[in-house]
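Colleague: I'm new to this one, could you walk me through it?
Modeller: Gladly, here it is.
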Amino acid sequence: VPEEGLDQPTWVVHRDALVEVCRALRDDPESRFDMLSDLFGMDYPERDERFEAVLHLYSVPRGARLRLKVPLPGADPRLPTLIPVWQGANWFERELYDMFGVQVEGHPNLSRILTHEAFQGHPLRKDYDAARRWILTDEEMYQPKFVFLPGYEERSEDEMFERLTVNIGPSHPAMHGTFRLMAVLDGETIVGSDVEIGYLHRCFEKMSETHTWQQVIPYTDRLNYCSSFINNVGYCRVVERMLGVEVPPRAVWARTILSEFSRIMDHCVANGSTLVDVGALTNFWYLFQVREEIYGLLERCFGARLTVSGTRIGGLPAELPPDFVERSRALLEYIPPRIEDVQRLVDKNRIWMDRSVGISAITGADAVNWSWTGPCLRAAGVGYDVRRAHPYDLYDTVDWEVPVLYGGDVYDRYKVRMLEIWQSLSIIRQLLDRGMPEGPVIVDDPHVALPPKDAAYNQMEAMIYHFKLIMDGIQVPAGERYGCVEGANGELGFYCVSDGGGKPYRVRVRPPCFPVFSTFPQLINGGSLSDAIATLGGLNVIAGELER
Amino acid sequence: MSETTPATHGAAATTPHPTEVRPRRYTLPERLYLPLLAGMWVTIRHFFGNLTGRRKGPIIEYPEVRRDYSHRYRGHHILTSRPDGSLRCVACFLCATACPADCIHIEAGEHPDENIEKYPLVYEIDMLRCVFCGYCVDACPEEAIIMSNNYDMAYFNREQTIVGIKELQRPFSFDPNRLGYRPFYPEEEATRDRMRRAAFDLVAEAKRRAGEETVARA
């Protein structure tokens, strides 16, 4: 049943027909929805069928989106699993179970994923109190459910040469962030593995529901904290489009430039730490200098280095500093020698190539099936980049390329990031050459943006708007909207639902590294433990975003 | 960069997703480890550059040397004062409302001066909860809370992390070099001065008028 009047085509599907509908949508040459972009739940306590599973489908070849809504009765929330159609549904379904208590039938490992096993209740249900706390003990720890190589499921200990179960993490320097990897080794080879995540879970989505639209921005900083500015932009863009406000050209210009700087920074961190993991420490120093200096620019603009909170709904929080262009140009001089040094050190270095070429390779078709996006997908030969497929901000006005490589392995993930840094530098250079557009940095609408300070001090009307905006928040018209930007590690989407009040009814973030990391057990099986470490770095999994 | 293929959206539409991987091939020099020499040259260049001091290393000898932060840095908060030393804060609770982390606690009291109405008896910020987003500064209608660029916040216990009026008012108030995020920056100092003068004129004017009225009534 199609629904009208929304930001993208939406169908309401009955759950019994869901699997057939999805399979048909995937295979029909007319539709070709080959990627399950996102799957999550909604809760409307006042409806007869209280829960709703929402699926965002994406067709990479056609660039089309489709939203499927599956109403589920509150008394009996069941959903058939979609893993046979899209492998990427695996963790999304676990999350759906964890957050909403929806039973996914046929799921191989339906256990809590973001919260602890001892957690009670389902946090994103509307009747769950956001301030509720639980004492979580070791006794109910996550029990690993290993994903084995074919043929190893049934094998007993005696049949393997030397069976050993290894636990790495959650606090282990090689597990960037806090992940726990459990691997069954047969000799040197990983034959079965499982990961546990959720140590950094803080329920961003629930917290967003208890704050005003504007107050969510500092929370988005903490998603992908290596490139927090892109998160700010992604979130604000969605809310701006719900409000129907036009961001002034100067703010758009600055957003594009700073997003690209953030992307460079994120790629530097990803590559730097991958290389450290395989023992190439020098590159880490060279690349982190770049990051430090970009932090300097962000700090000069917004007053913080890591968690910048660099946008407001409708524009930027403050006028750009007077030396913005000079500083950016200085950075354009500063960055290339360091990137070149690293490329000279490792690009053709056989020691690094032996550790990375062909390691944890994934084909483009599989990667799409697993809902991969971002540099990891482009390293597998699929040139999907949100900036090119659905241009936003100023990306369609500059001249740049989407680097695509076909190895699908750790080396190509590294290389794609390096090539993207060069593309980002070129985008920034073109925009700086174009010159800073004149005008304000935030929309001149007292219902959206705070009035200028001197007006708020001295004029009664501005003062009233100032108080109204802070006390009640921005009043976003009722509706729903999905919007995405190209985050540093993939398609970063925000799906916002408003009921017309000052607080979001629901903010769903599509975290790009969540589906990427869900493939991890399959990727590392068959390799050695040291390959697993190299793989983890190459995927650039950022815990703040993965676990929200 | 020869292996880069520009993929436009149209190109992706015509080609199906690759079903096999084509990893990078080793070239002969790579097989022979020859490019390692280029890498060695990079590190040697850096080594001698750093050794002779020809290039400035990126190391900052903290805490003797500190990174130069801008005037927008969002550090420890400051409660600003009026010329007579009392707090500018009028306990309107806007900062506490705007705070996404719920870290500001205010208790208001009646001010003897009826033009001011209220002032904070208690003003506490929980530094462990604070996310340093600067929303309190944006929200303040009196420019009573601003931020410094002080980022060393170390405490011995949790009680100390809840800082009150004394800590917020005292240490940085009069050192303009250590100010951070605030509504107006030095580059806009002229505007700020003008505005502030206007604000004080208004206050003085109001006071004068109030005084005249009292005189007249008497």
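Modeller: Before we start, a charge counts as sitting over a ring if NZ of Lys or CZ of Arg is within 6 Å of the ring centre and within 35 degrees of the ring normal. This is a predicted model, in which local features need pLDDT of at least 70, side-chain atom pairs count only at pLDDT 80 or more, and totals for chains, interfaces and linings use all residues. Side-chain values use heavy atoms, without hydrogens and water, while residues are numbered from 1 along each chain as its sequence is written, with chains lettered from A and ligands numbered from 1 in the order in which they are written.
Colleague: OK, so which ring does Arg387(A) lie over?
Modeller: Arg387(A) lies over the face of Tyr395(A), at 5.7 Å from the ring centre.
Colleague: And Arg338(A), which ring is that over?
Modeller: That one is Tyr334(A), with Arg338(A) over its face at 3.8 Å from the ring centre.
Colleague: Switching to rings with rings, how many aromatic pairs are there over all chains?
Modeller: The structure holds 24, where rings of Phe, Tyr and Trp (its six-membered ring) pair if their centres lie within 6.5 Å, and planes under 30 degrees apart count as stacked, over 60 as edge-to-face and the rest as tilted. Tyr73(B) and Tyr151(B) form an edge-to-face pair, at 6.1 Å centre to centre and 70° between the planes.
Colleague: Is Tyr73(B) buried or exposed?
Modeller: Tyr73(B) is buried, at 13% relative accessible area, whereas Tyr151(B) is partly exposed at 24%; buried means under 20%, exposed over 50% and partly exposed in between, with a 1.4 Å probe and protein chains only.
Colleague: Which residues form the aromatic cluster with Trp91(A)?
Modeller: Trp91(A) clusters with Phe92(A), Phe179(A), Phe514(A), Phe517(A) and Phe520(A).
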